[in-house]
Each structure stands twice: as structure tokens, then as C-alpha cells.
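Subject: Structure handover

Hello,

Here is the structure for your files. Please look it over before reading the notes below it.

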Amino acid sequence: MHSRRLHLVLASILLAAFALAAHAQKPAEPWAEWETLSPDNEEFTVLMPKNPTTESTTFPYHKMEINARLYMATSSGGPVLAITSLSGIKSDPAQYTEFARFNSYIDAFKSYFPAKVRSKDTLVKMVLVSSRPFNGYTGRSYKLTLGDLNGSVNAFVTRKRFYAIVSLNNKKDEALEDKFLSSFVLPERQAEPPKTVASTNPDQQQNQNPPEKVLDPNTQNTVQPEGEAAPATPNNTEATPANAPNNSVQPQAQQGQKKAPINGGMLNGKAIYMPVPEAPAGDANGVVLVAIMVDEQGSVIEARAVSGPQHLHAPAVAAARLARFSPTLLMGEPVRVTGTLSYNFVKSN
């Protein structure tokens, strides 16, 4: 009898220990109260911890001035939940693609947001995970590392603004991240009516269509600020740097003639799939730059190494040929894109 009671006591202790262990594995939520946030002059609705901090500011970006609004909840335990809202890059499909506008906003976000969470010297790493269109808007998902914080960023661009929804933590908490990121809502994108221009002056009508913009590879696919026209050359084409490859967009292409490719600059951050090259045995240290051409469907059709250690050229080119991109549209038509992929080979210990 005594032995049976002892067994029952031991069984009860073990069950209690298992229950405590299971409870300990589930991270406690740092915020007890949440609220639905739908700020004035914004397009989104999101579920956030109650009373988040808000900030409005402007900052320079190339020749533009970006208007920024930040909604952020932080906890002493580590989690950071934030919405970054940016504007200042005008939506103008006749001048540049939505792809280029999105990438300009991503570049501006990377220069603005990290310092709001950690110091300016904190190591920042942002890696594209996948394309993520949402309710008709262009979008992408990224993995973000800021020092000791790791997490996800979902980014979307509308006709008026750019939104980056950020979840960071110093420990893994998928339930908290999913609760926040999945609550972000934008209204369905409405089709825009075609623009018509009426004029009785033929010369005025002829001058109302500006020349197509060529994206400067040195600005990594950035675009012109609102209200600022691109400088014109005598032949009504954009000037490109002397050391840039001759692959700019040819204005007013003949009907039925294939458009020349546009230069996308450094393309690492724009790939929706970019496999890691297989490093050869031995000394696999160095950076290889691979010049590529992407066709209208987003597949790499040309790839050649242009710099870096010779013995690393072959694996870098092989990986570049497998990369995939979203189709790039110019005035509603898919076009080819040229640019560069960078592969950093690091010798493993």
C-alpha cells in the first residue's frame, strides 16, 4: 500500500513538472492590452499594443524630401512592433515603373528606421524573402536583423504612400509576430480611370508627353522627387554616366520594335529567388560581381562575371543564372532589365 501511494505521488509530481515545462516554453505576451489603430490621413488599419508612440518627421533622400510617420510599441523584454509610413515619391507610371518606386522607398526605409530602434552604428541586415502582393498593391517580405533583434518586415506601396510593417524580437515568438503582421489591412486597390488631355493647341499637345526616364544605376533604381523634372539633353533623352553601360531606354521606340533593356543597377535586393552559389574547395574568399540580363518574364538570360577571384567566377555565374525576378513594366509593357548581382564568398571555419 505504501509503495502504491509513493508511485501516485511521483506520478503527480511528474505531471506537474511537465505542465510547468510546457508553460515555460510558451513566451508570455509583453502587452496586456491591444487596440485597433487607424490613424487620420493613413490608409491602413492594424492591431497594436495600446498607446503606441507616434512620430512625424521629414528627412532628405537624394534630391527628395521624404515625409515619415512612425507608430511603434516597444517593451523592456525586447519586442518591437512598428509601422513606418513614408511619402514623397510620386506615383507616375509614365515616368518610372512601380518596381523602381518601391525599391526607392525600401532604400529610404533602410536609412530611416534602424536608428529609431538601435544606434546608428548597429549592424543592419535586410534580406528579401518573397514577393507579397496584397489587395492589388505591390509588396514584398523581408527578414531584418538589427543588432540583437531579429524579425520580419512586410512592405507595400500604394498610390499615395509606402508602408513597412515591422516585427522584431530578441527571442523567437511566432505567435506575437503573426498576431501583429496578419492584422495589417489595406483597402482593395481601385482601378484608376485613364487620363485624357484636351487641348486646341497642337504644339501644346505634342509637348505634354515628357521623355521616358532612365534610372541611374548609381542611385540603385531611385526616382525623381515630386515636382522635379529630369534634366533634358538636346535629343530629349536622359544623360547617363560616362562609365555606365549603353543600355538606357530608347524614347519613342518604333511600333513593333522591341524596347531596349533598362538598367536596374545592383539587383540583389530585387530578386524574388536568389540561390547561394556552391563555394569550391580551398580558398573561397572574395566578392564576385556578375553582370546579368533579365527577360520580360523575370528569368536571367545572360550572365557573366566582371570582377572578383577567377576561381569563383563559375559558381557565381551558375547561381546567377538561376535567380528569378518579378517582371518589370515600363508604361504598362514588360521590359528586359540589365544589372549586377554581388556574391560574397566567405571561407568557412
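The notes below go from the whole chain to its cores, and then to a hairpin and a histidine.

This is a predicted model, in which local features need pLDDT of at least 70 and side-chain atom pairs count only at pLDDT 80 or more, while totals for chains, interfaces and linings use all residues. Residues are numbered from 1 along each chain as its sequence is written, and side-chain values use heavy atoms, with hydrogens and water left out.

Overall

The protein has 6 helices and 17 strands (DSSP runs numbered from the N terminus: H or I of at least four residues for helices, E of at least two for strands). Of its 349 residues, 41% count as buried, meaning under 20% relative accessible area with a 1.4 Å probe, protein chains only; exposed is over 50%, and partly exposed lies in between. Among contacts (heavy atoms within 4.5 Å) between residues at least 6 apart in sequence, 60% join residues at least 24 apart.

Helix H2 and the cores

Helix H2 covers residues 98-112 and spans 21 Å from its first C-alpha to its last, close to the 21 Å expected (1.5 Å times one less than its number of residues). Of the 15 residues in H2, 11 are buried, including Phe-99, Arg-101, Asn-103 and Phe-109.

The largest nonpolar core (buried Ala, Val, Leu, Ile, Met, Phe, Trp, Tyr and Cys residues joined through side-chain atoms within 4.5 Å) has 33 residues, of which Leu-86, Phe-109, Phe-113 and Phe-162 touch the most other members. H2 supplies the largest share of this core, 6 residues. Beyond four places in sequence, Phe-109 is in contact with Thr-84, Leu-86, Pro-114, Met-126, Val-153, Phe-162, Ala-164 and Val-166. Another core, of 23 residues, lies apart from the largest one; Val-294, Leu-312, Leu-341 and Tyr-343 are among its members.

Hairpin and His-313

Strands E12 (residues 286-294) and E13 (residues 300-307) pair in the antiparallel sense over 6 bridges; pairing requires at least two bridges found by DSSP. Val-290 has Ala-305 of E13 as its bridge partner. The two strands, E12 and E13, form a hairpin with 5 residues between them, and Gly-298 in the turn has a positive phi of about 100°.

His-313 belongs to helix H6 (residues 313-321). His-313 counts as buried because its relative accessibility is 14%. Not counting residues up to four places away in sequence, His-313 touches Val-288, Ala-305, Ser-307 and Gly-308.

Regards
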